[in-house]
Amino acid sequence: MAATIAQQTSEYAASSSGPAVTFGSAPTAGNLIVVTIATNGSATHNSVSDGTNTYTKAEDRLQTNIRQSIWYAYNISGGSALTVTAAL
């Protein structure tokens, strides 16, 4: 079975406090959530949380003064709209 995008959202946060995004509808149980974060400077991306699922850091790199990281949660719990927050 080919992977498909069920929904996507984005947020631009101008401050160093944890940016947060809320899905438009409740994600389906068993799905995968992928989060990408990019910040100016070398600030560490400490964690990603939605209060329900466990996120794992897949990639973290600093290149030309931009920190980028990719996080994922798989086989997620569904049932309610999730707000995903990054701790910087």
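These exercises with worked solutions go through the fold of one predicted model.

Because the model is predicted, local features need pLDDT of at least 70 and side-chain atom pairs count only at pLDDT 80 or more, while totals for chains, interfaces and linings use all residues. Residues are numbered from 1 along each chain as its sequence is written, and side-chain values use heavy atoms, with hydrogens and water left out.

**Exercise 1. Overall make-up**

Task: State how many helices and strands the protein chain has, and compare its radius of gyration with that of a compact globule.

Solution:
1. Elements are DSSP runs numbered from the N terminus: helices are H or I with at least four residues, strands are E with at least two.
2. The count is 0 helices and 6 strands, and the order from the N terminus is β-β-β-β-β-β.
3. The radius of gyration is taken over C-alpha atoms, and the globule rule is 2.2 Å times the number of residues to the power 0.38.
4. For 88 residues a compact globule would have a value near 12 Å; the protein chain has 13 Å, which agrees.
5. Along the principal axes, the C-alpha atoms fill a box of roughly 35 × 25 × 20 Å.

**Exercise 2. Contacts and surface**

Task: Find what share of the residues is buried and what share of the contacts joins residues 24 or more positions apart.

Solution:
1. Buried means under 20% relative accessible area, exposed over 50%, and partly exposed in between (1.4 Å probe, protein chains only).
2. Of the 88 residues in the protein chain, 24% are buried.
3. A contact means heavy atoms within 4.5 Å.
4. Among contacts with a separation of 6 or more, 66% are between residues 24 or more positions apart.
5. Accessible areas come from the Shrake-Rupley method with a 1.4 Å probe; for residues, only the protein chains shown count as cover.
6. The accessible surface comes to about 5,900 Å², and 48% of this belongs to carbon and sulfur atoms.

**Exercise 3. The sheet with strand 5**

Task: Give the strand order of the open sheet that holds strand 2, and name its edge strands.

Solution:
1. Two strands pair if DSSP finds at least two bridges between them.
2. The sheet has 3 strands in the order 2-5-4, with antiparallel pairing.
3. Strand 2 and strand 4 (56-63) are the edge strands, each pairing on one side only.
4. Neighbouring strands are turned by 10° against each other on average, direction ignored. Axes here are lines fitted to C-alpha atoms, for helices over the stretch in contact, and angles run from 0 to 180 degrees between N-to-C directions.
5. Strand 2 is joined to strand 5 by 8 bridges. I33 has A73 of strand 5 as its bridge partner, and T39 has R67.
6. Strand 4 is joined to strand 5 by 7 bridges, and D60 has S69 as its bridge partner in strand 5.
7. The covered face of strand 5 consists of R67, S69, W71 and A73, and the uncovered face of I66, Q68, I70 and Y72.

**Exercise 4. The turn between strand 4 and strand 5**

Task: Describe the backbone and exposure of T64 and N65.

Solution:
1. Most residues other than glycine have a negative phi.
2. The hairpin of strand 4 and strand 5 has 2 residues between the strands, and T64 there takes a positive phi near 50°.
3. N65 lies in the loop between strand 4 and strand 5; N65 is not a glycine, yet its phi is positive, about 60°.
4. T64 counts as exposed because its relative accessibility is 72%. N65 is exposed as well, at 53%.

**Exercise 5. The other sheet**

Task: Give the order of the open sheet that holds strand 6, and name its edges.

Solution:
1. The 3 strands have the order 1-6-3, with antiparallel pairing.
2. Strand 1 (20-22) and strand 3 (47-49) stand at the edges with a single partner strand each, so one side of each has no neighbour in the sheet.
3. The twist averages 15° from one strand to the next.
4. Strand 3 and strand 6 are joined by 3 bridges, and S47 stands opposite A87 in strand 6.

**Exercise 6. The core**

Task: Identify the elements that give two or more residues to the largest nonpolar core.

Solution:
1. A nonpolar core is a set of buried Ala, Val, Leu, Ile, Met, Phe, Trp, Tyr and Cys residues joined through side-chain atoms within 4.5 Å.
2. The largest one has 13 residues; I33, V35, I37, V48, Y55, W71 and V84 have the most contacts inside it.
3. The elements asked for are strand 2 (33-40), strand 5 (66-73) and strand 6 (83-87). Strand 2 gives the most, with 3 residues.
4. Leaving aside neighbours within four places in sequence, V35 is in contact with V48, Y55, S69, I70, W71 and V84.
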